Amino acid sequence: MLAGMDVFESSLGNRDWQVVIERALRGEISEPIVNVDRQDTREFDAIFVGGGAGGRFGSAFLRARGGRQLTVDRWPFLGGTCPHQACVPHHLFSEAARELDLGRWLSGTLWFPDFDDKRASILQMAELFRAGRNTAHSFMNWQSKQQLGMEYILNTPATVIDEHTVEVAGERFRGRSIILGTGASTEVPHIPGIELPGVYDFVSLVEELDYEPNRCVIIGGSKVAIEYGSFFQAAGCPTTIVSRSPLMRTASLHHVDEDLRRYVVDGMCRRGMTICEGASPLEVIGNGRAAGVRTRLADGTVETLAADFVFIGTGERANSAPFVQALGVDVDGQGSIVVDRRMRTSAPSVYAIGDLIGPPMEMFKARKCGMTAARNVMGEPYEFDFSEYPDFLHSTYEITWVGLTEAEARERFGDVIVIQMPPAGVEPDEIPLPCAEGSMLYAFTRPELTGFQKCVIDAATRRVVGAHHVGFGAKDAFQYLDYLLRRPGGLTVDEMAEMNELFLNPEHFIQLCRLRAGRSELVDL
Ligand code: COM
């Protein structure tokens, strides 16, 4: 039996877990943290390799179905990269970007002090996150054990031996099935100098940053590039994005409406960011430390973009290599493990979930993949199709979209009605709309900054087929809109008009649809 810190009989509270995790992260606890019921003689129905969002939600679901699981993670906590390095810091930084942006535009007016660039620190935000992230970690461990009844081994990696066997710190565990969920890592571009100090990605930013960046060049045009870049710029670090594709037109993003894209990209430029589209990074230059990025620009000229901080935003690649080696599972051209809609890999009784199976590398997909695998392991044939989903990203705005773009809808349906704000032909600075919670201060000071929204309707069926929003406060609504749009009957303008709006509901579409719903023949608004 593996030696380790056995916590099965103890009921550690959130604060106790915080201490344990802190010590483990500092290297003071190097042994495995073992929460295994040694009295339970049942076979494990599934062993989850990786305890991130997919592994944790899959484990919880499997337990809820009466099964027995074991989840193993190399980190001393469950929840994976989300609370440690990815989504949670991204949301923290994006909220900071939004606040900083407001503070800049309203500098010296109302109660806003003169904006002081020197007090807006990227380093301070990274440190704030690092110091606070453990509360989420401890909660994941506590909830998983005390409320969800999961068994787990943390602080040590799992090695997959065969389709039913996993080795953890020298002990072998057998399961009816194995569910792989070890995520993805930044795809580091192969250019000279990329390994120089001063080159970061979203992981090393929160783990290692120890100086205040003064000038940033971002290599790549992914969501991460837009989100982190907007934060760097808002914090006072002039930022340039070097991207081969036009922003928001990378292969990993679909259904991005062109009007929405323009509002976002123009907004980034208006805030001082430099965006080099159609450009290729050639080399990170610097004598022992990154000092710039030699870049071929769209017109073919080569220029060195100065920077003391280079950030990689080229996307991520699945951590599939160990499983190809151990089990020979099939992978696609990007290295992502190939699964069917039940999350089954090419190896019998082996499932794969989350970022390990490729894009979209989003929270909802990871969690639902885990749940799908668990259902199938427990004998319930269940399929998960994630080809369509609501999507979002942040600049200094919250940007959300679902369904078809206007162009896609025209191609598919021909006769399409568009309801948008500001209306077509009206300049953004003419009216302070759209506005709602989060944009009222802009509405009364800088109407052009309130955002943009568009609702796309198939004229023949009156069904809403796409919704697009730049602004604040609408993201939550898009989760439900996605669900309503994808029902067999969809969601019509008339049904939207029946909903009860709470003031200027941020996605704003209820009242706008109601203004048109009375007409038997719909027209644009
Ligand atoms: C969220 C992590 S931060 S998990 O999805 O709840 O495991």
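# A tour by selection

Select P422 first: this proline sits in the loop that runs between β22 (416-421) and α13 (440-443). The model is a predicted one. Show the backbone from M421 to P422 and check the peptide bond, which is cis with omega near -5°. Stay in the loop between β22 and α13 and move on to P434. The bond that joins L433 and P434 is also a cis peptide, with omega about 5°.

**Two positive phi angles**

Next, select R462, in the loop between β23 and β24. R462 is not a glycine, yet its phi is positive, near 65°. Is R462 buried or exposed? Its relative accessible area is 15%, so R462 is buried, the cut-off being under 20%.

Now go to L110, which lies in the loop between α4 (87-105) and α5 (122-132). L110 likewise has a positive phi, near 45°, in a residue other than glycine. Its relative accessible area is 58%; L110 therefore counts as exposed, for which the cut-off is over 50%.

**Helix α9**

Select residues 258-270 to bring up helix α9, which has 13 residues. From first C-alpha to last the helix reaches 18 Å, close to the 18 Å expected at 1.5 Å a residue. At its start, pick D257: a side-chain oxygen of D257 comes to within 3.0 Å of the backbone nitrogen of D259. Just after the helix, G272 adopts a positive phi of about 100°.

Colour the buried residues of α9 next: L260, R261, Y263, V264, V265, G267 and M268. What do the buried residues of α9 pack against? Their partners are as follows:

- the helix α8 (223-234)
- the strands β12 (239-243) and β13 (274-277)
- the strands β21 (398-403), β23 (452-458) and β24 (463-471)

**A sheet of three strands**

Select β14, β15 and β16, which form an open sheet in that order with antiparallel pairing. Its edge strands are β14 (280-285) and β16 (302-306), each of them paired on one side only. Ignoring direction, neighbouring strands of this sheet are turned by 25° against each other on average. Zoom in on β15 (residues 292-296), which pairs with β16 in the antiparallel sense over 5 bridges. To inspect one position, pick R294, whose bridge partner in β16 is T304.

**S177 and its contacts**

Select S177, in strand β8 (residues 171-180). S177 counts as buried because its relative accessibility is 4%, and the cut-off is under 20%. Measure from its side chain to the backbone of D45: a polar side-chain atom of S177 lies 2.8 Å from the backbone oxygen of D45. Leaving aside residues up to four places away in sequence, S177 touches D45, A46, I47, H164, S349, Y351 and V377.

**The ligand**

Finish at the ligand. Which residues surround the ligand? Display A53, R56, F57, G79, C82, P83, M140, M363 and R367. Two arginines from that list are worth a distance label. In the side chain of R56, an N or O atom is 2.7 Å from an oxygen atom of the ligand. For R367, a polar side-chain atom lies 2.9 Å from an oxygen atom of the ligand.

Conventions: Residues are numbered from 1 along each chain as its sequence is written. This is a predicted model: local features need pLDDT of at least 70, side-chain atom pairs count only at pLDDT 80 or more; totals for chains, interfaces and linings use all residues. Side-chain values use heavy atoms; hydrogens and water are left out. Helices (H or I, at least four residues) and strands (E, at least two) are DSSP runs, numbered from the N terminus. The expected span of a helix is 1.5 Å times one less than its number of residues. Buried means under 20% relative accessible area, exposed over 50%, partly exposed in between (1.4 Å probe, protein chains only). Contact means heavy atoms within 4.5 Å. A polar contact is a pair of N or O atoms within 3.5 Å; within protein, one must be able to donate a hydrogen and the other to accept it, and residues adjacent in sequence count only if both atoms are side-chain atoms. Two strands pair if DSSP finds at least two bridges between them. Axes are lines fitted to C-alpha atoms, for helices over the stretch in contact, and angles run from 0 to 180 degrees between N-to-C directions. A residue is near a molecule or strand if one of its heavy atoms lies within 4 Å of it.
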